Amino acid sequence: MPHLNEVGRLPVSADNCAIAIRDLAAATPLEHDDMTFALSHYVLEGHRFAVRKIRKGERLTSWGQRFGIASREIEPGEYVINEAVQVELARRDLDFAIPTQPNFDNMISAYEFDESAFRPAAPLARHSDRRSFEGYPRGGGRGVGTRNMIVVLGTSSLVAGFVRTLTQLTAAMADGYANVDGIVPIAHTEGGHRDPNNREVLLRTLAGFMAHPNVGAVAAIDFGSEAVTNVDLRDYLLENGYPLAEVTHCFHSLSTSFEANVRWFKDLLANWLPLVNSVERSAQPLSELKIALQCGGSDAFSGISGNPLAAWVAKEVIRYGGSANLAETDELIGAESYLLDKVERVECARKFLHMVERFKERVGWHGETAEGNPSGGNKYRGLYNIYLKSLGAAAKRHPDVPLHDVIEYGQRMTSGGFYFMDSPGNDLESIAGQVASGSNMIFFVTGNGSITNFPFVPTIKFVTTTARFNLLREDMDVNAGEYLEGRPLAELGARTFELTVDVASGQPSAGEKAGHYQVQIWRDWQQTRPANVTLLANRSYSGKPITIPADVALPQVRIPAFNVDGEWTTEQIGLIMPTSLCSGQIAKMTTDTLNSEEMGRAGGLSRFATLVHTEGCGGNVVPEYKDMQIGYLQHPKLRHALLLEHGCEITHNSYFRQMMTERGLDPADYGWASIQLDGGIEAVMRKIVAWFGQRLRDDAAPRREIAGLEALRVALLTQAKPPAHVARGLATLCKTIVAGGGTAVASDKDDLFAGPFAAELGLNASPAATLGYGQRAKRAGFHIMANPRQHWGETLAGLGASGVEVMLGYVDGYLLAGHPLVPVLQFSGGAASLDDLDAVLQEGDDVAERLLGLLVATLSGDHSPKHQLVGNHDFQVTRGLLGVSF
C-alpha cells in the first residue's frame, strides 16, 4: 500500500487536504499517520483529497491557511471539490466519473489587519561579497540594461498596426550590429478613443517604457489626434521627472504617406544603429537587477515548487542589493496574512490593503468579484478558487524577505528590496506595469506551460512539474519539478541564480530563441460607479433589418463569387482562430508560414488569415466577445477553420466547444490545437499545418459563378466626419445595395448618423441597433450594430463578425490599419499621397457610383486594398460596457 508521500504532498504537515502529484485511480489505498483510507474518485494531478475527517463547517487548509469551508462531512480519501471546479470538469472531455455534488464552499471571512500588533520588519541582511553581470549602463538614474533594444512605441492603439508593420520592414537592419539586440514594436490597445478612464495608467506605463534601461533608443509614433498623443506623453515624462534627456528618442506624428514614413524611419535607423551599437556590455553590480515576479497558467504545484524557487532566487538578488516586484492584486486576496507577515513600514500594509479594496470596488462596478479570477485552466489544474491561487501566488515572496514598498501600476522602483505593485491578475497586463516600473528581468512561473514573453525584457520561465517541462522543453528554461522529486531547493536555486546572471548578461532565454512576444497594458474600464449590470448584460437585438428608401436605379454589376450554402462569397479562406491573447502570436507565425508556402493554392484557398486579439486570458468574458467569435466562425469567407488554444486561458478549447454546441455549430467541423497539450510551439505549428494539408487534400474546391448586387455585404464606418456630399453618396450606395438584395451594416456610434446620411435614409440621429456587437447579420438589408464605443479597430472587429465581405472606411487623409480577414477600402476627400488610399473623392464626383465601382473591382480581384499591399492590419476586440481585467 503506497504511503501518502509517494502520491501526494502536504504543503504544511498540519494541512487536512493533500495535493495529488499525479493522476490517481479511484479506490487507490493510501497510508498516512497510522491510518489507511481509499480515494473516493479518480483524482486529477494537482487536485486535492482529504487526509482526515473534516466536519461540516470546518475549514479546509493548505499551506496552513484556509481555502474553504466544508459544506458537509468529508471523509479521509474523499475528493475535495467546489462547484466552480465541478462545472469546469463537466465541460471537459473526461473518461472518468467526478463527484456529483460539491463538498465545500468558498465562504471565507475578510482579512482584518491588527495595526496595534504591527512590528516593523528589519531589511534583509545583504551579502558581503560582490557579484556582477554584464549589462548596459545608462545615465540619469535609468539603471542598467540587460538588453539594448531599439523600440518603436505606438503611443495609441490607432497606430498599433503601423508600428508592427514598420518593425517587420526594418528589423533586419539591426543585423551585423553586435551590441543591438533587436528592433521591436510596442503595439497595444489603449488611448485611441475618447476620454479613457485609464489615462494616468497609460501615460505612466508608456513613460516607463521610454525611460527603461533596456531601451537603447525609442521612436514614439502617433497620429496627433488621439485621446492620448505624443504631446501628452512628452509632457508627462517631463512633469514627472523621467530622465528623457538621457534617452535617445524622437516623437513622430504620421502626417505623410505610408512609404514616406517608412523612408523616414529607415533614415532614422541609419543614424541610430551605430549610436546604439556603441554602447557595450560591462561588469555591473547585481544591485542593478530588478526582477518582475509573475505566474500564469498556474497549477496546484505553483506554490510548492515554481514560486518558492523563484522566491529563493529573488531573495539572493535582493541580498546583493537588487529588487523584486510582486504584482497581481486580485491574486493575493486570501493571502494577506502571509504577504503582510513581514513589512518594513506600517504605511506599506495600509497601502496594500487599500489597493485590494479599491480593486474589489472597481471589479464590482462591472458586476464581477475578484473571486472569479481563476481561469478554466487554473481550475482544471487544481486551483479551485482565488484563495488557493493567492496562497500559491504569495509564495513568490520568500518567508525571510520583508515587504519594502507598495507602488502603483508602472510606478518606478527607486531602491533595492521587495516591492508590491498594484495590477490585475491578467499576466500580460501585469507584466507591462512591472516593466514600466523598471524590471529588467522577468521570472515567469507556470504550471500549464505559458509561453509568454515581453519584447525588450528577457523572460525566464519556470515550470512546476517535470512532466510538463518535458512536454514543453524547447519553450521553457527551468524545471522546478525537480524539487518535487527530491532535489534540494537550495541546489535548484543556486543553479537558477547562475542562469539568471547569464541571461542578464546576454544569454538568450528560451522565449527569445522562439522569437515571439506579446504586450498588453492594463485595459480601460468603462464603469466608474456601480452600474445596472442586469440591464447592460441582458440587452438583445432583433436581427431584423431596418427598412430604408429604395428610390434608386439599380445598376447591373457582375461579381465572380462562390455560392456556399446559399450565401455569396468572393474568397475562400483558411482561418486560425486563437482562443485567447496568449495563442495569438503562434497563430500569426503559423499563418505566415502557410501563406509563404502558398499551401492553400492547390486546394482553392485564396489565403490564410488569423485574428490576433487581446482577450480570453484574464477578466470576465463579455457577451460581445462570445457573439463576435461565433460570428467569425460562421463567416461566409471561411472554407476551413481551426481553433488554437494556449491551454490555460478562460476561453480554452473546451469552453469554445461548449459555446459552439449551444449556438448550433458542430465542433467536429473545425480543427483543434493546443500549444501546451500538443507539445509546444514547434509541435503545434506542425500539427496545424498537417491538419490544413489533410483538409485541402480531402476537399473539392468550389466553382465561381456570376452574381449581382445580392453578393454585396458591405460595412460602413468613418474615422472623421465626412463632408455632406460624401455622406449623401454613402446613403445612396446603401439604398442601391439593399434594393439589389445585398446587405449594409454601420455602427450606432458612427458620426455618419449625425449628418445627412441618416436623413437620406429616413432615420434619426440615434437609430436603434438591430445587431449586437459582433452578431451575425443573417437577413439581408440595412443593419445597425450596437457598439460600446467609437474606436476604429474595435469597430472593424465587430463589423467583420457580422459576415460582411468588404468594408468602406472614410478616413482623415491617412491610411489606418485594416482588417486581417475582411478587406477595408479607405477613402477620403483629400490625402497626403494619392497612393496611400483606395480612393480620393472630389466635390463633383458621383460618390455612390465611384465607390460601387471600387467595391466591384475589389471583390472581382481587380483591386487590392492598400492596407493589404503594405501589410498594415490590426484586430482589437471591445471589452464592452462590463469588461474588466482581473
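A crossover is right-handed if, with the strands pointing away from the viewer, the path from the first strand over the helix to the second runs clockwise. Helices (H or I, at least four residues) and strands (E, at least two) are DSSP runs, numbered from the N terminus.

Before you start: this is a predicted model, in which local features need pLDDT of at least 70, side-chain atom pairs count only at pLDDT 80 or more, and totals for chains, interfaces and linings use all residues. Residues are numbered from 1 along each chain as its sequence is written, and side-chain values use heavy atoms, with hydrogens and water left out.

**Exercise 1. Work out the surroundings of strand S13 (residues 215-222).**

Step 1. Look at coverage, where buried means under 20% relative accessible area, exposed over 50%, and partly exposed in between (1.4 Å probe, protein chains only). Eight of the eight residues in S13 are buried, so the strand is mostly covered.

Step 2. Find the partners; two strands pair if DSSP finds at least two bridges between them. Strand S11 (residues 149-154) runs parallel to S13 and is joined to it by six bridges. Strand S14 (residues 248-253) is also parallel to S13, again with six bridges.

Step 3. Follow one residue across. Alanine 217 in S13 is the bridge partner of isoleucine 150, and in S14 the bridge partner of alanine 217 is threonine 248.

Step 4. Add the helix. With helix H5 (residues 230-239), S13 and S14 make a right-handed β-α-β unit.

**Exercise 2. Describe the open sheet of three strands and find its edges.**

Step 1. Read the order: S24-S23-S29, with antiparallel pairing.

Step 2. Why is one side of S24 and of S29 left without a neighbour in the sheet? Strand S24 (567-569) and strand S29 (704-707) each have a single partner strand, so they stand at the edges.

Step 3. Consider the twist, using axes that are lines fitted to C-alpha atoms (for helices over the stretch in contact) and angles that run from 0 to 180 degrees between N-to-C directions. From one strand to the next, the twist averages 55°.

Step 4. Zoom in on a pair. Three bridges link S24 and strand S23 (residues 559-564) in the antiparallel sense; phenylalanine 562 has threonine 569 in S24 as its bridge partner.

**Exercise 3. Classify how helix H17 (residues 584-596) packs on helix H20 (residues 681-698).**

Step 1. Take the geometry: the angle is about 50° and the axes are 10 Å apart.

Step 2. Apply the classes: angles under 35 degrees count as roughly parallel, over 145 as roughly antiparallel, 65 to 115 as roughly perpendicular and the rest as oblique. H17 is therefore oblique to H20.

Step 3. Give the handedness. A crossing is left-handed if the near helix is turned anticlockwise from the far one by less than a right angle, and right-handed if clockwise. H17 passes H20 in a right-handed crossing.

Step 4. Name residues in contact (heavy atoms within 4.5 Å). Among those of H17 are Ile586 and Met589, which belong to a group meeting H20 residues including Ile681 and Phe692.

**Exercise 4. Now try helix H21 (residues 724-739) and helix H24 (residues 847-859).**

Step 1. Their packing angle is about 55°, with axes 8 Å apart.

Step 2. That makes H21 oblique to H24, and the crossing is right-handed.

Step 3. The contact includes His725 and Leu733 of H21, and Val847 and Leu855 of H24.
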